[in-house]
Every structure is written in C-alpha cells, then in structure tokens.
Amino acid sequence: MTGDAPPTVSAALRTGFFPSVVAWQRRSGRHGLPWQGTRDPYSVWLSEVMLQQTQVRTVLGYYERFLRRFPDVHALAAATLDEVLALWSGLGYYRRARHLHACAQTVVAQHGGRFPTSAAALATLPGIGASTAAAIAAFCFGERCSILDGNVRRVLARVLADDRDPAHPATQRAWWTTAQALIPDDATAAEMAAYTQGLMDLGATVCTRTRPRCDVCPVAALCAGQASGAPTAWPRRSPRGARRREAWCLPLYVRSDGAWWLQRRPDRGIWAGLWAPPVLAQVEVLEDWLCAQPALAAEWWPAFDHTLTHRDLRLQPLLCRVPTDSAAGPAPAAPGVVADQGAWWSPSAALSLGLPAPVRAWLQTLVSGSRTSNSR
DNA sequence: AATTCGGGGTC
DNA sequence: GACCCAGAATT
C-alpha cells in the first residue's frame with residue numbers, strides 16, 4: 001500500500017483480527033510477567049513507563065525493586081527525586097524517571113491519589129503519551145483504545161504490507177486509525193486486556209524482527225506480508241537518520257580521604273539530574289590547572305567507549321587526589337567543579353545514588369580494586 | 001517535522 | 001556495526 005491515505009481495513013481484517021489475537025493470547029501468550037494479573041493502574045503505569053523503549057528482560061529486575069520501595073502512588077509522590085533516580089539508575093532515558101515522579105505527585109495532588117480512568121485523561125499526565133495511555137486504559141479499565149508501540153507498528157506494517165516509512169508522522173497517524181479500526185465496538189473489558197497483551201506478545205514472540213514465525217501466527221491467514229512470502233520486507237526501513245556524533249568526555253574523579261566528589265548534573269541534557277564527577281570536554285583545561293599545581297598528581301585511566309542514542313562517547317577517566325582533610329570540607333578547587341551542586345560521598349554512599357551507567361561501572365571497578373592505575 | 005533523550009540485546 | 005526495544009517531550 002502506498003500513498004498518504006489511511007489503509008483500508010478489509011472486512012476480513014475487521015472481523016477476524018481482534019478475536020484471533022484475543023484467543024491466541026489466552027492460549028499461547030505470556031502470562032507470568034510480574035506486571036500482569038493486576039488491574040492496579042499504579043503497577044501497570046509503572047511497568048509501561050519502564051518498558052518504553054526498553055526490553056522486558058531489562059525491566060524485570062528494576063520493576064520488582066522499584067515496586068518494593070514504592071508500593072503505591074502515595075509512596076512515590078512522597079519520595080525525593082534522588083530516591084527515584086537512584087532506583088532508575090542504569091535503566092536509561094532518565095527523563096522517564098523525572099516524569100514518573102512528577103506524574104505521581106500530580107495524581108496525588110490533583111486526582112486524590114487515583115489515576116484517571118480514560119486514555120484521553122491519562123495522556124495529559126507527564127510521561128504518558130498516547131500509547132502508554134491506551135495500554136493503561138485498556139488493561140485497567142477495559143477502554144476500547146489501541147496501543148501503537150514498536151511491536152504493533154511492525155505487525156501492522158506486515159499485515160497490511162504497508163510500504164510507507166514507519167517514522168513518517170503521516171504513516172503513524174494512518175496506523176493509529178487502522179489500529180483503532182481493528183477493535184470491535186462490542187469488545188469487552190476482558191477482551192481488551194487480552195487483546196492489548198496479545199498485540200505485545202505477538203510482536204515480541206511471533207512477529208519478530210528478523211525471524212517471524214508465521215507458522216504459529218494467529219493472523220497469518222489475514223496477513224498480506226505473509227502471503228507475499230517475504231514478511232520481513234516490512235516494516236520498510238527508514239532512511240538513515242543522523243549519524244551519531246563522537247564526543248570526548250573526561251570525567252574528573254576527585255578523591256580525598258576515601259571520599260569522592262560528585263555533583264548533580266543539570267536538569268536538561270544527558271544524564272539529567274544524576275550524580276556524576278565533573279566532566280571536562282577538553283583536556284587542555286585540566287592540563288593548565290595541573291601545571292599550576294604541580295603538587296597534585298593526576299592519574300590517567302584507560303579510556304573506554306560508551307554509546308548513547310545520539311552520541312558515541314569516548315570517556316577518558318582522570319583521577320586526582322586532594323589533601324586528606326578536605327573530604328569533610330569545601331569543594332575541591334578543580335576544573336568543572338560547581339561547589340553548591342556537589343558533595344563528598346563515601347564509596348558505598350556514592351554507589352547508592354543515581355549514577356550514569358559508565359560512572360557506576362567505573363566506580364565499582366575502582367572500589368573493588370580489581371585494576372591498577374596507570375600513574376602518570 | 002526533526003531532535004533529544006540510555007542502555008542493553010540480537011544478528 | 002546496524003538495528004531494535006510496551007515512546008514521549010521539546011523545538
């Protein structure tokens with residue numbers, strides 16, 4: 001199918017897709033995930049936000065830990081952002097954690113601690129977009145609304161043999177319309193829950209990216225992609241986006257009497273709100289500083305790479321010691337240090353903070369003493 | 001409409 | 001490496 005018009009949903013699809021997915025989910029879908037088997041909007045919301053752009057396997061450990069610490073929306077709303085970020089540390093897309101916290105506070109302050117019950121109302125809350133709102137509304141309240149995540153986009157593109165660019169907004173609008181049209185007017189709440197889960201399960205376990213298992217697919221008979229014999233031709237690959245840029249990143253680990261100086265990163269940008277050492281973008285700044293203070297020894301540790309969505313970071317850790325009595329005192333006089341945004345932390349305390357993954361990895365390496373430094 | 005947000009997994 | 005993953009917010 002080509003062009004900008006929404007794809008026509010055939011009568012066969014309109015009548016057959018939904019019940020096939022529902023029946024298949026009940027028989028062969030996933031049922032044991034920790035966020036299943038509940039209609040508690042808080043639990044469902046937490047799982048949906050964690051699962052945004054994140055695979056189930058990655059989320060599993062985080063979800064249980066988070067729910068133990070914050071068992072309901074009131075506990076989460078009463079927490080500090082630092083506590084939330086600490087539990088989110090390593091999961092990435094930290095704006096999600098900030099929105100999660102803000103959303104909990106909004107639900108408590110403006111909705112009496114109860115989540116809105118419609119997708120439209122849910123979508124007005126921080127961090128809840130159209131797809132997440134639909135997931136919560138369908139799972140918890142049986143609303144007849146469709147999700148449209150990466151799995152569903154892939155399934156739809158194949159079922160419709162739709163050649164349009166998945167990244168194009170017009171394509172997304174058309175697929176929202178199609179997805180909605182696949183839901184019967186008389187779908188029950190229980191069916192909506194099974195259907196929504198079934199769409200996710202189908203994309204995750206059957207209609208996979210590289211090796212779709214059309215032989216066990218409940219909608220294979222309705223699928224134009226399968227009929228073509230080459231279902232992996234869809235979804236069409238987007239034209240290459242912007243290439244990741246390389247960036248040097250020189251974290252300056254300042255140590256004093258066993259304590260580490262860490263400071264909170266700005267509210268915007270990479271690793272927003274997390275704790276990290278001062279990060280220099282240019283080595284010259286540090287070298288000038290060191291030349292002026294020959295008594296301080298700086299150690300250069302092996303550089304390593306860390307990939308983000310839009311950056312190829314090349315991290316060059318630097319280790320610097322300052323006099324032993326300063327750990328209880330003021331901020332070190334070092335490049336990049338912002339005194340009122342930082343503090344000294346013991347190793348164990350530091351590792352309980354919200355840290356960027358490479359910072360956590362490096363601190364752990366250092367604390368465990370499994371490596372020796374390259375003194376210079 | 002295009003960019004900006006992490007980190008980990010797969011092939 | 002390329003691509004993807006239960007996307008959303010911002011500009």
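1. Residues 24 or more positions apart make up 69% of the contacts in chain A with a separation of 6 or more, a contact being heavy atoms within 4.5 Å. Bear in mind that this is a predicted model, where local features need pLDDT of at least 70 and side-chain atom pairs count only at pLDDT 80 or more, while totals for chains, interfaces and linings use all residues. As for bookkeeping, residues are numbered from 1 along each chain as its sequence is written, chains are lettered from A and ligands numbered from 1 in the order in which they are written, and side-chain values use heavy atoms, with hydrogens and water left out.

2. Now the overall build. Chain A has 15 helices and 9 strands; these are DSSP runs numbered from the N terminus, with helices being H or I of at least four residues and strands E of at least two. Its C-alpha atoms fill a box of roughly 80 × 45 × 35 Å along the principal axes.

3. On to the domains. Chain A splits into domain 1 (11-233) and domain 2 (245-368), with bounds from an automatic or database domain assignment. Domain 1 gives 8 residues to the contact between them and domain 2 gives 14. The C-alpha centres of the two domains are 38 Å apart.

4. How much of chain A is buried? Of its 376 residues, 47% are, where buried means under 20% relative accessible area, exposed over 50% and partly exposed in between (1.4 Å probe, protein chains only). The accessible surface is about 18400 Å², and carbon and sulfur atoms hold 51% of that; the areas come from the Shrake-Rupley method with a 1.4 Å probe, and for residues only the protein chains shown count as cover.

5. Gln25 is worth a look. This residue sits in helix 1 (residues 11-28) and counts as buried because its relative accessibility is 4%. Leaving aside residues up to four places away in sequence, Gln25 touches Arg30, His31, Gln36, Ala194, Gln197, Gly198 and Asp201.

6. Next, DNA strand B. It has 25 residues around it, and Tyr93, Trp271, His306, Thr309 and His310 are the closest; a residue is near a strand if one of its heavy atoms lies within 4 Å of it. Sugar or phosphate holds 54% of the strand B atoms within 4 Å of the protein, and bases hold the rest. The nearby surface has 10 nonpolar, 10 polar and 5 charged residues. In this scheme Ala, Val, Leu, Ile, Met, Phe, Trp, Tyr, Cys and Pro are nonpolar, Asp, Glu, Lys and Arg are charged, and the others, Gly among them, are polar. Helix 6 (95-111) and helix 15 (357-368) each supply at least two of those residues.

7. Which atoms of DNA strand B do Thr309 and Tyr94 approach? A polar side-chain atom of Thr309 is 2.4 Å from a base nitrogen, while one from Tyr94 is 2.9 Å from a phosphate oxygen. Gln53 uses a polar backbone atom, 2.9 Å from a base nitrogen of strand B.

8. Last, DNA strand C. There are 31 residues around this strand, and Gly127, Asn151, Arg154, Arg209 and Arg268 come nearest. Sugar and phosphate supply 68% of the strand C atoms within 4 Å of the protein. The surface near strand C has 10 nonpolar, 12 polar and 9 charged residues. Helix 6, helix 8 (130-141), helix 9 (150-160) and helix 11 (189-206) each give at least two residues to that surface.

9. For atom pairs at strand C, a side-chain N or O atom of Trp35 is 2.8 Å from a base nitrogen. A polar side-chain atom of Asp149 is 2.8 Å from a sugar or linking oxygen, and a polar backbone atom of Leu51 is 3.4 Å from a phosphate oxygen.

Notes. A polar contact is a pair of N or O atoms within 3.5 Å; within protein, one must be able to donate a hydrogen and the other to accept it, and residues adjacent in sequence count only if both atoms are side-chain atoms.
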